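Let's take a walk through this protein, one helix pair and one hollow at a time. Keep the 3D view open and turn it as you read.

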Amino acid sequence: MSTPGDMQTTLTASGPARRAWLDLVQGFQSWRVWWLLGIGDIRQRYRRSRIGQFWITLSIAIFVVAIGVVYAALFKQPIKNYLPYLATTYVVWVLIAGIVTDSTSAFVQAESFLRQQALPKTTFILRILVRNGISFAHNIIVLPVIFMIFGVAPSWTWLAALFGLVLVVVAGFLGGLICAILCTRFRDLPQIIQNFIQVAFFISPITWQVELLDESARHWVNLNPFAAFLRIVSEPLLGRMPSAVTYASAIATIVILGAIAAPLFVRFRQRIVYWL
């Protein structure tokens with residue numbers, strides 16, 4: 001296993017692009033570090049709590065039941081159809097929104113590590129993914145219960161949800177890297193992003209269904225990248241396959257995020273510590 005001194009020597013032995021690539025590779029190789037940091041974050045958050053991390057599950061269940069009953073009446077939807085839809089989309093949304101909002105403080109939160117050790121910067125983006133992945137694992141426990149109550153049968157499309165989840169993680173890593181770098185440099189940006197996420201919640205098909213829109217308005221949903229990533233996971237869980245346009249939108253978003261994240265990381269990776 002490489003020591004911090006070895007990492008520092010390797011990372012400073014070549015040009016910016018090469019160092020950025022080595023940072024990425026060594027970040028993934030240091031999986032024990034970001035895995036333990038992510039688990040530690042969850043444990044710290046619920047330390048000395050009687051039910052611990054399952055507060056995450058309980059809060060999701062309360063929200064889904066309370067909002068589901070009210071919104072099913074407002075939208076005049078059968079609760080047996082609407083509640084499984086809301087539960088699925090909201091669980092996936094919490095994962096997406098959590099990655100985005102947590103990434104705004106990824107490097108700031110890791111200031112003590114970055115100032116004292118030559119750890120790869122990508123380690124702390126992966127830490128965010130682990131933290132939110134554990135929360136997602138707790139949240140998804142709600143779905144089998146709701147599916148059994150309302151008679152949602154298992155389907156082969158659940159396998160497609162795993163592929164969709166992989167795309168969400170890839171986009172989360174790239175988008176998280178962009179947010180982390182920019183928010184470390186511009187300290188007002190996290191508040192802007194948090195407000196943007198609140199707006200994105202209402203304009204994404206989480207509490208409302210695309211089918212309720214007029215035919216002429218439905219194509220606008222495909223322009224919302226949050227909606228694309230939401231649907232490639234939630235729709236297979238509900239027994240439906242997303243359209244090819246939805247997958248194309250998600251993949252195109254990943255390509256754009258990669259095209260932004262790569263030069264940004266190469267250019268500013270070494271300046272992150274000086275911005276803390």
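In this predicted model, helices α5 and α13 pack with their axes 9 Å apart, at an angle of about 140 degrees. An angle has to be over 145 degrees to count as roughly antiparallel, so this pairing makes α5 oblique to α13. As α5 passes α13, the crossing is right-handed. Who does the touching? On the α5 side, look for T88, T89, V92, W93, I96 and V100, and on the α13 side, for F226, F229, L230, V233, S234 and L237. Sort the residues of this contact by class and you get nine nonpolar, three polar and no charged.

Now stay with α5, which covers residues 79-103, and look for another partner: α8, residues 122-139. Their axes are 9 Å apart too, and the angle is about 160 degrees. That makes α5 roughly antiparallel to α8, because the angle is over the 145-degree cut-off. The crossing of α5 and α8 is right-handed. Residues V91, V92, V94, L95, G98, I99, D102 and S103 of α5 meet I128, L129, R131, N132, G133, F136 and N139 of α8. By class, that contact has eight nonpolar, five polar and two charged residues. If you spotted V92 here, well done: V92 is listed in the contact with α8, and V92 also belongs to the contact with α13.

Time to look at the empty space. Rolling a probe the size of a water molecule over the atoms shows where space is left. The largest pocket holds about 550 Å³. To find the pocket's centre, aim for V100, G175, F226, T253 and L257, the closest to it of the 22 lining residues. Two of those names should ring a bell, as V100 and F226 are both part of the contact between α5 and α13.

Which elements build the wall of this pocket? At least two lining residues each come from α5, α10 (158-185), α11 (189-203), α13 (225-237) and α14 (244-268). Helix α10 gives the most, with eight residues. The lining as a whole splits into 17 nonpolar, five polar and no charged residues.

Next come the cavities, and there are two of 30 Å³ or more. The largest cavity has a volume of about 60 Å³, and its lining is made of Y85, T89, P205, V210, E211, R231, S234, E235 and R240. Helices α5 and α13 each supply at least two of these residues, with the largest share, three residues, coming from α13. What classes do you find in this lining? There are three nonpolar, two polar and four charged residues. So you can compare for yourself, recall that the lining of the largest pocket has no charged residues.

The second largest cavity contains about 30 Å³ of space. Around it sit V221, N222, N224, A227, A228, R231, T246 and S249. Helices α13 and α14 are the elements that give two or more residues to this lining, and α13 has the largest share, with three. By class, the lining has three nonpolar, four polar and one charged residue. Before you go, find R231: this residue lines the largest cavity, and R231 lines the second largest cavity as well.

Notes: Residues numbered from 1 in each chain as written. Predicted model: local features only at pLDDT ≥ 70, side-chain atom pairs only at ≥ 80, totals over all residues. Heavy atoms only, no water. Axes fitted to C-alpha atoms, helices over the stretch in contact; angles between N-to-C directions. Helix = DSSP H or I, 4+ residues; strand = E, 2+ residues; numbered from the N terminus. Parallel < 35°, antiparallel > 145°, perpendicular 65-115°, else oblique. Left-handed = near helix turned anticlockwise from the far one by under 90°. Contact = heavy atoms within 4.5 Å. Nonpolar A, V, L, I, M, F, W, Y, C, P; charged D, E, K, R; others polar. 1 Å grid on protein atoms, 1.4 Å probe; cavity = no way out; pocket = protein on both sides within 12 Å on 5 of 7 lines; lining within 4 Å. Points joined across faces, edges and corners; volume = space filled by probe spheres on them.
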